[in-house]
Amino acid sequence: MRIAFVHEADLKLEPGTDPAAVGAAVTTALCGHWEHDGPCRWPHNNATEPSGEGAGFRTLFVAPASEEDAVRERIEHSLRAGHGWTVLETRARPVAPSEEPLAQRLAATPPQSER
């Protein structure tokens, strides 16, 4: 059974950095490339909210509870290894009520092995 989780970060973006590059880095870490065919092992959705020189970033992902830490480690590593931004802080948080429909859609995605 897959459960929805959220990992978020406060970032400082370097001038000229496309905020979408952050999500692309995370997707690459989770799926191998930001443009890929086929299912995701860990269905997820990234959102970046630019604000001045910084940005708030969040990844909502679904995974078996036993894989939560491994997914968070991949996200964390991709954020810290990325170019064009500095990580100020990261944290786990519960899925917000407004994110529940998205979490349900992601959780309903057939697992990779069933496609």
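Select arginine 93 to begin, a residue placed in strand β4, where strands are DSSP runs of E with at least two residues, helices are runs of H or I with at least four residues, and both are numbered from the N terminus. What you have open is a predicted model, in which local features need pLDDT of at least 70 and side-chain atom pairs count only at pLDDT 80 or more, while totals for chains, interfaces and linings use all residues. Residues are numbered from 1 along each chain as its sequence is written, and side-chain values use heavy atoms, with hydrogens and water left out.

**Arginine 93 and its surroundings**

With a relative accessible area of 23%, arginine 93 is partly exposed, a class that lies between buried (under 20% relative accessible area) and exposed (over 50%), as judged with a 1.4 Å probe and protein chains only. Show the residues around arginine 93 next: leaving aside neighbours within four places in sequence, arginine 93 is in contact with Val6, Glu8, Arg58 and Glu99, contact meaning heavy atoms within 4.5 Å. If you draw a distance from arginine 93 to glutamate 8, the C-alpha atoms are separated by 7.5 Å, although the two residues are 85 residues apart along the chain.

**Along strand β4 to glutamate 89**

Stay in strand β4, which covers residues 85–93, and select glutamate 89. Glutamate 89 counts as partly exposed, at 40% relative accessibility, and, not counting residues up to four places away in sequence, glutamate 89 touches Glu8, Ala9 and Asp10. For a longer view, add glycine 16, which is 73 residues from glutamate 89 in sequence and 21 Å from glutamate 89 in space, C-alpha to C-alpha.

**Into strand β1 at histidine 7**

Now select histidine 7, which lies in strand β1. Is histidine 7 buried or exposed? At 6% relative accessibility, histidine 7 counts as buried. When residues up to four places away in sequence are set aside, the residues that histidine 7 touches include Phe57, Arg58, Thr59 and Phe61, and also Arg72, Ile75, Glu76 and Leu79. Measure across to threonine 59 in your viewer, and you will find the C-alpha atoms of histidine 7 and threonine 59 separated by 5.3 Å, with their positions 52 residues apart along the chain.

**Helix α3**

Select residues 100–108, which form helix α3, and colour its buried residues, Leu102, Ala103 and Leu106. Seen down the axis of α3, these buried residues fall within an arc of 100°, so they line one face of the helix; the arc is that of the directions from the helix axis to the C-beta atoms. Which exposed residues are carried by the face of α3 turned away from its buried side? That face carries Gln104, Arg105 and Ala108. On the buried side, the residues of α3 pack against β1 (2–13), β2 (44–51) and β3 (54–64).

**Beyond the helix**

Move on to proline 111, which has its place in the segment after α3 and is partly exposed, with a relative accessible area of 28%. Add proline 39 to the selection: proline 111 and proline 39 are 72 residues apart along the chain, and their C-alpha atoms are separated by 7.5 Å.

**The whole chain**

Finally, display the whole chain, in which there are three helices and four strands, following the pattern β-α-β-β-α-β-α when read along the sequence. The radius of gyration of the chain is 14 Å, close to the 13 Å that the globule rule gives for 115 residues, so the chain is as compact as a globular protein of that length; the radius is taken over C-alpha atoms, and the rule is 2.2 Å times the number of residues to the power 0.38. Along its principal axes, the C-alpha trace spans about 45 × 30 × 20 Å, and 37% of the 115 residues count as buried.
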